[in-house]
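User: I'd like a close look at one part of this model, with its surroundings filled in as you go. Here is the structure.

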Amino acid sequence: MLARACLSPGQRGVQMFYVSSKAKNATVAQTFTTSFLTTAAAQKALFEVGKRPPALTAAYDEVIKSNPDVAKWAEAGKGAKLMPNIPAMNAVWGPMGQAMADVISGKAAPDARFNAAQKEIEAAIKAGS
């Protein structure tokens, strides 16, 4: 399996390649995944197509030379904590999404709107939503 946490705008979580235990051509798929996708050329191509930061350090180092924003996103993620995989996180998405939409559209000032979203989220978590 090959994976890297996504550290670019519009992407969340981890994207990865894996070979299913039910694959019809598991040997071919495994070879493709471990021998091709792990090359710098393949990872740079994936970046060019989908702006996914390469998992391979050598490819990542090349990408950030031509796209310094990728390095900035990686820097912003250093020390970050993983999002917990708990039901309470469902209480976050609605208020946070609406707050982002309100700020982006200019309907609200960032500080005030995100502070209000925080209160909404905390109330929802306390209520067990």
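Which side chains meet in a salt bridge at 4.0 Å, N to O? Please start there and work outwards through the helix and the loop around that pair.

Analyst: Happy to! The pair is glutamate 48 and lysine 51, whose side chains form a salt bridge with an N to O distance of 4.0 Å. Keep in mind throughout that this is a predicted model.

Let's take the two partners in turn. Glutamate 48 counts as exposed, at 51% relative accessibility; the cut-off for that class is over 50%. Glutamate 48 sits on the face of helix H2 turned away from the buried side, together with the exposed residues Ala41 and Val49. Lysine 51 is partly exposed, with a relative accessible area of 39%, and belongs to the loop between H2 and H3.

The backbone of lysine 51 deserves a look as well. Just after H2, this residue takes a positive phi of about 55°, although lysine 51 is not a glycine. For context, most residues other than glycine have a negative phi.

Now turn H2 over. The helix covers residues 40–50, and its buried residues are Ala42, Gln43, Phe47 and Gly50. These four span an arc of only 140° around the axis, which puts them on the same side of H2. So the helix has a buried side with those residues, and the face turned away from it carries Ala41, Glu48 and Val49.

From the buried side, Phe47 leads into the largest nonpolar core, where its partners are Tyr60, Val63, Val70 and Ala74, five residues in all. Two elements give two or more residues to this core: helix H3 (57–66) and helix H4 (68–77). In soluble globular proteins, nonpolar side chains tend to be buried together. Within the core, valine 70 is a handy residue to follow: leaving out residues up to four places away in sequence, valine 70 touches Phe47, Pro53, Tyr60, Val63 and Ile64.

H2 also takes part in a second salt bridge, this time with H3. Lysine 44 pairs with glutamate 62, and their closest N and O atoms are 2.6 Å apart. This contact links distant parts of the chain, as lysine 44 lies in helix H2 and glutamate 62 in helix H3, 18 residues apart. Both partners fall in the middle accessibility class: lysine 44 counts as partly exposed at 28%, and glutamate 62 counts as partly exposed at 37%. Side chains of opposite charge can pair when their charged atoms come close.

To set your pair in the wider picture, the structure holds six salt bridges. One of the others joins arginine 113 and aspartate 102, at 2.8 Å from N to O. Here arginine 113 lies in helix H6 and aspartate 102 in helix H5 (residues 90–104), so the pair ties together parts that are 11 residues apart in sequence. Arginine 113 and aspartate 102 are both buried, whereas glutamate 48 is exposed and lysine 51 partly exposed. A network of salt bridges links Asp102, Arg113 and Glu120.

Before H2 comes another contact you may like to inspect. A search of the whole structure turns up one aromatic pair. The ring centres of phenylalanine 32 and phenylalanine 36 are 5.3 Å apart and the planes are at 25°, so the pair is stacked. Both residues lie in helix H1 (residues 26–36), four residues apart, about one turn of the helix. Phenylalanine 32 is partly exposed at 43% relative accessible area, and phenylalanine 36 is also partly exposed, at 41%.

Finally, a word on confidence. The chain averages a pLDDT of 85, and 88% of the residues score at least 70. Helix H6 (residues 110–127) has the highest mean, 94, while strand E1 (residues 2–5) has the lowest, 44. Over residues 1–10 the pLDDT stays under 50, and the model has 34 contacts beyond four places in sequence for that stretch. Where pLDDT is low, the predicted coordinates should not be read in detail.

How values were computed
Residues numbered from 1 in each chain as written. Predicted model: local features only at pLDDT ≥ 70, side-chain atom pairs only at ≥ 80, totals over all residues. Heavy atoms only, no water. Buried < 20%, exposed > 50% of the residue type's maximum accessible area, 1.4 Å probe, protein only. Arc of directions from axis to C-beta. pLDDT = per-residue confidence, 0-100. Contact = heavy atoms within 4.5 Å. Phe/Tyr/Trp six-rings, centres within 6.5 Å; stacked < 30°, edge-to-face > 60°. Core = buried A, V, L, I, M, F, W, Y, C linked by side-chain atoms within 4.5 Å.
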